[in-house]
Amino acid sequence: VQLQASGGGLVQAGGSMRLSCVVSGGTMRNYAMAWFRQPPGKEREFVATLSWTGDLTDYASSVKGRFAISRDNVKNTVYLQMNSLKPEDTAVYYCAADLYYHGNDDDYDYWGQGTLVTVSS
């Protein structure tokens, strides 16, 4: 299973951005999907997750109400819609997949290469 994240770039504080992650080599509808991020000089942290059925979601408290994770199983793509962005959201964002739902635990089997999001003040 391969994951390819895209959509990162530079955005001003208060703006919006949507990240995409395409899954290949497997059937995405069988996988729980998640987004993590690694801010500069910090450890990787959980952002959001969505079960394969779509009925379970979880968000980091720092992004709740601003970010939304969704999936399109036909396109084998998971999205992260990010609104009201803040400079502290600056990070490399990674998508992850696993046959099992791990919630905010980073014990996912498959990881994408990351896409950089920079939020300017």
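In the predicted model, four strands form an open sheet in the order β1-β3-β8-β7, and the pairing between them is antiparallel. Strands β1 (2-6) and β7 occupy the edges, each with a single partner strand, so that one side of each is left without a neighbour in the sheet. Neighbouring strands of this sheet are turned against each other by 15° on average when direction is ignored.

Within this arrangement, strand β8 (residues 77-82) has five of its six residues buried, and is therefore largely enclosed by the rest of the structure. Strand β8 pairs with β3 (residues 17-24) in the antiparallel sense over six bridges, and with β7 (residues 67-72), again in the antiparallel sense, over six bridges. On the β3 side, L19 stands opposite L80 of β8, while V22 has T77 of β8 as its bridge partner. On the β7 side, F67 is placed opposite M82 of β8. The connection between β7 and β8 is a hairpin with four residues between the two strands, and in this turn N76 adopts a positive phi of about 55°.

Aromatic contacts form a second topic of the model, with a count of five aromatic pairs. A pair of aromatic rings is described by the distance of the centres and the angle of the planes. In one of these pairs, F36 and F46 are arranged edge-to-face, with 5.7 Å from centre to centre and 70° between the planes. This pair links distant parts of the chain, since F36 belongs to strand β4 (residues 32-38) and F46 to strand β5 (residues 45-50), the two residues being ten residues apart. Both F36 and F46 are buried, and for F36 the relative accessible area is 2%, which lies under the 20% cut-off for a buried residue.

The ring of F36 also pairs with that of W111; the centres are 5.1 Å apart and the planes stand at 55°, so the pair is classed as tilted, the edge-to-face class requiring an angle over 60 degrees. Here, too, distant parts of the chain are linked, F36 in strand β4 being 75 residues apart from W111 in strand β10 (residues 110-111). In terms of accessibility, W111 counts as partly exposed, at 26% relative accessibility, whereas F36 is buried. Together with Y108, the residues F36, F46 and W111 form one aromatic cluster. A charged residue also adjoins this group, as R44 lies over the face of W111 at 3.9 Å from the ring centre.

Definitions and conventions
Residues are numbered from 1 along each chain as its sequence is written. This is a predicted model: local features need pLDDT of at least 70, side-chain atom pairs count only at pLDDT 80 or more; totals for chains, interfaces and linings use all residues. Side-chain values use heavy atoms; hydrogens and water are left out. Buried means under 20% relative accessible area, exposed over 50%, partly exposed in between (1.4 Å probe, protein chains only). Two strands pair if DSSP finds at least two bridges between them. Axes are lines fitted to C-alpha atoms, for helices over the stretch in contact, and angles run from 0 to 180 degrees between N-to-C directions. Rings of Phe, Tyr and Trp (its six-membered ring) pair if their centres lie within 6.5 Å; planes under 30 degrees apart count as stacked, over 60 as edge-to-face and the rest as tilted. A charge sits over a ring if NZ of Lys or CZ of Arg is within 6 Å of the ring centre and within 35 degrees of the ring normal.
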